[in-house]
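Dear colleague,

I am passing on a structure that you have not worked with before, and I would be glad if you could look through it with the notes below at hand. My notes follow directly after it.

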Amino acid sequence: MNKTNQAFSIKDLENICGIKAHTIRIWEKRYHLLTPERTDTNIRSYNMDNLQKLLNVTFLVSCGYKISRISKLKPEEILEYVNSIVSDKTTVDRSMNSLKLAMLNYNTTIFSDTFNELSERFTFSQIFYDVFVPFLGEVGMLWQTGTINSSHEHFITSLIKQKLWARTDSLQQQVTKHDKTFVLYLPSGETNDLSLLFINTLILSQGYKTIFLGPNVSIDYLKDLSELQNNLVFVSYFTLQPHIDEVNEYISNFKNEICAPNEHELWVMGRQLKEVPVPISALIKIIQSFSDFEKILG
């Protein structure tokens with residue numbers, strides 16, 4: 001694997017591997033597990049080899065192996081043990097570690113190999129639910145703590161989006177239901193379309209036609225479309241926009257300007273809705289989770 005020259009602090013290792021810095025220091029002192037370099041002020045600095053080894057070690061520890069036993073193994077032997085443990089849970093845990101390495105090394109091959117391994121055991125939806133969603137949650141935490149930078153986040157997110165678009169492309173030729181058409185969009189100011197892309201695959205997998213408009217779409221831009229076609233279901237995802245104080249007003253305006261005149265529906269998901277009680281309407285559906293969305297689709 002081609003590795004970057006990125007250096008990590010012990011706090012970075014704690015954030016990435018989920019092992020307390022105190023424990024890492026004990027493993028170093030007692031078992032000579034890692035060999036960090038030290039700055040002139042005696043601060044530990046770890047390279048990518050250290051990180052990869054620690055990820056594998058913490059994986060084995062989580063599977064019940066004793067650190068005293070693991071510490072006696074060579075790196076290649078540790079990897080053999082890691083690869084020999086096969087179950088749904090361990091496959092997910094190992095894949096999460098591989099995705100971190102892919103992101104930190106800007107390595108598309110590791111990402112593709114990891115995705116292909118997951119695809120042998122899980123459906124696409126399971127990969128998204130059980131791997132990508134929790135992984136992206138960890139990515140957000142790593143970004144907030146300064147362990148990774150924006151380029152890491154953009155790199156790995158773009159690779160996940162590529163898989164979503166590939167899945168979309170494979171499903172678009174399988175439209176069998178024509179009683180309604182789904183229009184997917186994000187409101188003005190909203191740019192993170194990853195969840196919307198996944199919702200698009202859920203709808204297509206049920207045989208419905210979709211019109212994917214993507215991010216940053218104003219209500220005014222939707223009016224013409226709403227008047228040209230019948231039986232439309234507009235689908236959106238509120239992550240940051242509209243602002244919490246404006247959610248009810250936005251939905252009310254959408255209902256009056258888009259839904260009511262032509263009896264279209266609006267289905268909405270997103271964390272902005274969890275903070276605001278939205279009035280119930282026959283034309284408006286507030287959906288709490290992807291699994292609930294699948295159930296509503298039938």
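A good place to start is Phe182, which touches Ile203, Tyr208, Lys209, Thr210, Ile211, Val233, Val235, Trp267 and Leu297, when residues up to four places away in sequence are not counted. Please keep in mind throughout that this is a predicted model. The mean pLDDT of the chain is 92, and 97% of the residues score at least 70; among the elements, strand S5 has the highest mean, 97, while strand S1 (residues 37-38) has the lowest, 86.

Phe182 also belongs to the largest nonpolar core, which has 71 residues, and it is listed there with Leu51, Phe132, Ile199, Ile203, Val235 and Phe293 as touching the most other members. The element that gives the most to this core is helix H8 (residues 124-144), with eight residues. Apart from this core lies another, made of 22 residues, among them Leu222, Ile258, Leu266 and Leu273. As a general background, nonpolar side chains in soluble globular proteins tend to be buried together.

For the overall picture, the chain contains 13 helices and seven strands, and its C-alpha trace spans about 70 × 40 × 30 Å along the principal axes. Of the 298 residues in the chain, 46% are buried. Where contacts join residues at least 6 apart in sequence, 71% of them are between residues at least 24 apart.

Turning to the strands, S3 (residues 177-187) pairs with S4 (residues 208-217) in the parallel sense, over seven bridges, and within this pairing Thr181 has Lys209 in S4 as its bridge partner. Between the two strands the chain passes through helix H10 (residues 194-205), giving a β-α-β crossover that is right-handed. S3 also pairs in the parallel sense with S5 (residues 232-237), in this case over four bridges, and there Leu184 stands opposite Val235.

The aromatic residues deserve a careful look, since the structure holds 20 aromatic pairs. One of them is formed by Phe198 and Phe290, whose rings are edge-to-face, at 5.1 Å centre to centre and with 90° between the planes. Because Phe198 lies in helix H10 and Phe290 in helix H13 (residues 290-297), this pair ties together parts that are 92 residues apart in sequence. Both Phe198 and Phe290 are buried. Another edge-to-face pair is that of Phe234 and Phe254, at 5.4 Å centre to centre and with 75° between the planes; it links strand S5, where Phe234 lies, to helix H12 (residues 247-262), where Phe254 lies, the two residues being 20 apart. Phe234 and Phe254 are likewise buried.

Ring pairs also link Phe111, Phe115, Phe124, Phe128, Tyr129, Phe132, Phe198, Tyr237 and Phe290 into a cluster. Within this cluster, Phe115 is a residue of helix H7, and it counts as buried because its relative accessible area is 10%, which is under the cut-off of 20%. Leaving out residues up to four places away in sequence, Phe115 touches Phe124, Ile127, Phe132 and Lys163. Of these, Ile127 is 12 residues from Phe115 in sequence and 8.3 Å from it in space, C-alpha to C-alpha.

Lastly, some points of the backbone should be checked by eye. Most residues other than glycine have a negative phi, and most peptide bonds are trans. The bond from Gln241 to Pro242, however, is cis, with omega near -10°, and Pro242 sits in the loop between S5 and H12. Tyr106, although not a glycine, has a positive phi of about 50°; it is found in the loop between helix H6 (88-105) and helix H7 (108-119). Asn216, also a residue other than glycine, has a positive phi near 60°, but Asn216 lies in a strand, S4. How exposed are Tyr106 and Asn216? Tyr106 has a relative accessibility of 35% and therefore counts as partly exposed, and Asn216, at 45%, counts as partly exposed as well.

With best regards

Terms used: Residues are numbered from 1 along each chain as its sequence is written. This is a predicted model: local features need pLDDT of at least 70, side-chain atom pairs count only at pLDDT 80 or more; totals for chains, interfaces and linings use all residues. Side-chain values use heavy atoms; hydrogens and water are left out. A nonpolar core is a set of buried Ala, Val, Leu, Ile, Met, Phe, Trp, Tyr and Cys residues joined through side-chain atoms within 4.5 Å. Buried means under 20% relative accessible area, exposed over 50%, partly exposed in between (1.4 Å probe, protein chains only). Contact means heavy atoms within 4.5 Å. Two strands pair if DSSP finds at least two bridges between them. A crossover is right-handed if, with the strands pointing away from the viewer, the path from the first strand over the helix to the second runs clockwise. Rings of Phe, Tyr and Trp (its six-membered ring) pair if their centres lie within 6.5 Å; planes under 30 degrees apart count as stacked, over 60 as edge-to-face and the rest as tilted. pLDDT is the predictor's confidence in each residue, from 0 to 100.
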